[in-house]
There are 2 protein chains.
Amino acid sequence: MRYFVAVAEELHFGRAATRLHMSQPPLSRAVKQLEAEIGALLFARSPTGVTLTPVGTVLLDEARALLDHADRVQVRVSAAAGAATITIGILGDGADPGLSRLAAAYRRSRPSIDIRIRDTDLSDPTCGLRAGLVDVALTRAPFDETGLTVRTLRTDPVGVVLRVDDPLARRDGLRLAELSDRRWFQFPQGTDPVWQSYWNGGRPREGPVVRAVQECLQAVLWNGTMGLAPLGHDLPAELAMVPLIDMPPSRVVAAWNKGDANPLIRSFIETATTAYRH
Amino acid sequence: MRYFVAVAEELHFGRAATRLHMSQPPLSRAVKQLEAEIGALLFARSPTGVTLTPVGTVLLDEARALLDHADRVQVRVSAAAGAATITIGILGDGADPGLSRLAAAYRRSRPSIDIRIRDTDLSDPTCGLRAGLVDVALTRAPFDETGLTVRTLRTDPVGVVLRVDDPLARRDGLRLAELSDRRWFQFPQGTDPVWQSYWNGGRPREGPVVRAVQECLQAVLWNGTMGLAPLGHDLPAELAMVPLIDMPPSRVVAAWNKGDANPLIRSFIETATTAYRH
DNA sequence: GGCGCCGATACCAGGTGGGTATCGTTGCAG
DNA sequence: CTGCAACGATACCCACCTGGTATCGGCGCC
């Protein structure tokens, strides 16, 4: 029914699928199944566009009311069940401007929910998701996603952080190969290999071990090291950022354990998705 | 939600499962999942019995209203979609007294539905279900059930039909082995093998080919043959029925294609189940 | 007349929802 | 007090369904 309403409101299967965070074929199939159950076409498909049939119009009204009713039931029962808690994990890099907007939006939409924030170091990009320390991780891909569901909130190009007096600092674009002789910083032992490899530009490197964004900057300033970071990061005056041309962009994502039954997760993810869309 | 309401009304997982036509373990699991989603226990389980928690009481009210709403939506949309048709297949043996009661009950509950009856011969116990000739088959098990969903409506002991002047006709119980030297009637080539084997008492036999109940009786009367039939069948005065002790009973069943989207099927099956319960 | 948009189709994989078999607890009866 | 019956929970398995990717077909539009 939610699928049907989405298509009826967009009058376009592709856009509706995007809105529902799924792909178009299963959506087409789902609508077709609903039509089979009802025994009547709900949409008139023409290559020029999709229109509601009379039956579809009736169902749209009914479906909206019913879904509304279902949402109200959920709210009332949740209220009866008492205050609930959701724990959000964020990477040490808590400076992301989307975050504060998100927290505010979620508190507004679900005032009774107790939000807990768990700030973790860079060695675990999942912020302790697998250990059950958090319900949702707001973090950066890539990392090992087995057992997790991941939704991308934003993508950022990645650059290299250098001292302003570095010969490369005045370039307006660099390739990974031009940095091969540099020291890179390392994450601690046991760090997610996908994550480690990404921030190392694809190969193991030599360099100091770091656990937090601050340590990374320190390493660049004092240790003759160099570091990768998403563009847009605030930097002290002594450091500069040069975009990397051949580095896949970094994605800000929300992740949660696949099949987690906590109903707050779904609503939080919805809020997060819209908050990051501005 | 329907599961929850059933358990809440029965206050007993086993009985609720029976009412829902499923077994108890998946029901327990489903309720537990719902509890996990809500984040609160809905039932207080004690070995002496099951009681609703306060949250459960709230949900029971809400759920009833919501399910009610959903049913109303279905009715309204079905009405908007216009008159629908359901085709019922019955075996030539249309004399079953449950049938007329069932037809009347269904016409009463869904007056706008167009019911079509398709009377088929004994060679296809599924009445053309797989070929899509009917939506539901009211027939007798056993037969090959792959791809079909089957619900038992009643079970009948099986007896052997003999001429009254047959030496065995005065016995009040027989074993299959005592009939091994008789001619049995056969169904046409291509008949479902499970079905054929059942009515042959488990082995291939010699005898005339029949396609309808009338032909079976004719065969017994004139051909020195013998036939199996569920007890309770009306017989002409020249024929007698003797119960078979070691024959598994015959089940009157409703069958439909697994996953068939026609929404009338579900309601028809419900009606059928209650109509046969008397 | 070809290209592009868009919904439909074909096919594949993993999660879910059913099933059966069995267990652990508890109340009750002998 | 001990054996048993009742009942919900658990373990495990299989089939279906839902969501995914790749591709097709049909119609508008340069």
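Strand 7 (158-163), strand 9 (225-230) and strand 10 (239-243) of chain B are among the elements that cover the buried residues of helix 7 of chain B. Contact here means heavy atoms within 4.5 Å. Buried means under 20% relative accessible area, exposed over 50%, and partly exposed in between (1.4 Å probe, protein chains only). Helices (H or I, at least four residues) and strands (E, at least two) are DSSP runs, numbered from the N terminus.

This is a predicted model: local features need pLDDT of at least 70, side-chain atom pairs count only at pLDDT 80 or more, and totals for chains, interfaces and linings use all residues. Residues are numbered from 1 along each chain as its sequence is written, chains are lettered from A and ligands numbered from 1 in the order in which they are written, and side-chain values use heavy atoms, with hydrogens and water left out.

**Helix 7 of chain B**
- Helix 7 spans residues 213-222 of chain B.
- Its buried residues are B:Val213, B:Cys216, B:Leu217, B:Ala219, B:Val220 and B:Leu221.
- B:Gly224 follows helix 7 of chain B and has a positive phi, near 65°.

**Two copies**
- Chain B can be laid on chain A with an RMSD of 0.4 Å, by a turn of 179° and a shift of 0.2 Å along the axis. The two copies are thus related as by a two-fold rotation axis.
- The superposition is by least squares on the C-alpha atoms of residues with pLDDT of at least 70 in both copies.
- The copies meet through the same surface, because 100% of the interface residues of chain B are also interface residues in chain A.

**Core and chain contacts**
- The largest nonpolar core has 48 residues. Such a core is a set of buried Ala, Val, Leu, Ile, Met, Phe, Trp, Tyr and Cys residues joined through side-chain atoms within 4.5 Å.
- A:Phe4, A:Phe43, A:Leu59, B:Phe4, B:Phe43 and B:Leu59 have the most contacts inside this core.
- In general, nonpolar side chains tend to be buried together in soluble globular proteins.
- B:Leu59 touches A:Val73 and A:Val77, and also B:Met1, B:Phe4, B:Leu34, B:Ile38 and B:Leu42, not counting residues up to four places away in sequence.
- B:Glu62 lies in helix 4 (residues 54-81) of chain B. B:Glu62 counts as buried because its relative accessibility is 13%.
- Beyond its neighbours within four places in sequence, B:Glu62 is in contact with A:Val73, A:Arg76 and A:Val77.

**DNA strand D**
- Of the 20 residues around DNA strand D, A:Tyr3, A:Arg29, B:Ser28, B:Lys32 and B:Arg45 come nearest. Sugar and phosphate account for 63% of the strand D atoms that come within 4 Å of the protein.
- A residue is near a strand if one of its heavy atoms lies within 4 Å of it.
- Helix 3 of chain B gives the most to this surface, with five residues.
- Eight nonpolar, seven polar and five charged residues make up the surface near DNA strand D. Ala, Val, Leu, Ile, Met, Phe, Trp, Tyr, Cys and Pro count as nonpolar, Asp, Glu, Lys and Arg as charged, and the others, Gly among them, as polar.
- A polar side-chain atom of B:Ser28 lies 2.8 Å from a phosphate oxygen of strand D.
- Polar backbone atoms also approach phosphate oxygens of strand D: A:Ser23 at 3.0 Å and B:Gly14 at 3.2 Å.

**DNA strand C**
- DNA strand C is surrounded by 19 residues, the closest being A:Ser28, A:Lys32, A:Arg45, B:Tyr3 and B:Arg29. Sugar and phosphate account for 60% of the strand C atoms that come within 4 Å of the protein.
- Helix 3 of chain A gives the most to this surface, with five residues.
- Side-chain N or O atoms lie 2.4 Å from a phosphate oxygen for A:Lys32 and 2.8 Å for A:Arg45.

**Backbone geometry**
- Most residues other than glycine have a negative phi, and most peptide bonds are trans.
- The peptide bond from A:Ala141 to A:Pro142 is cis, with omega near 5°. A cis bond also joins B:Ala141 and B:Pro142, with omega about 5°.
- B:Leu11 has a positive phi, near 50°, and lies in the loop between helix 1 and helix 2 of chain B.
- B:His21 has a positive phi, near 55°, and is partly exposed, with a relative accessible area of 36%.

Key
A polar contact is a pair of N or O atoms within 3.5 Å; within protein, one must be able to donate a hydrogen and the other to accept it, and residues adjacent in sequence count only if both atoms are side-chain atoms.
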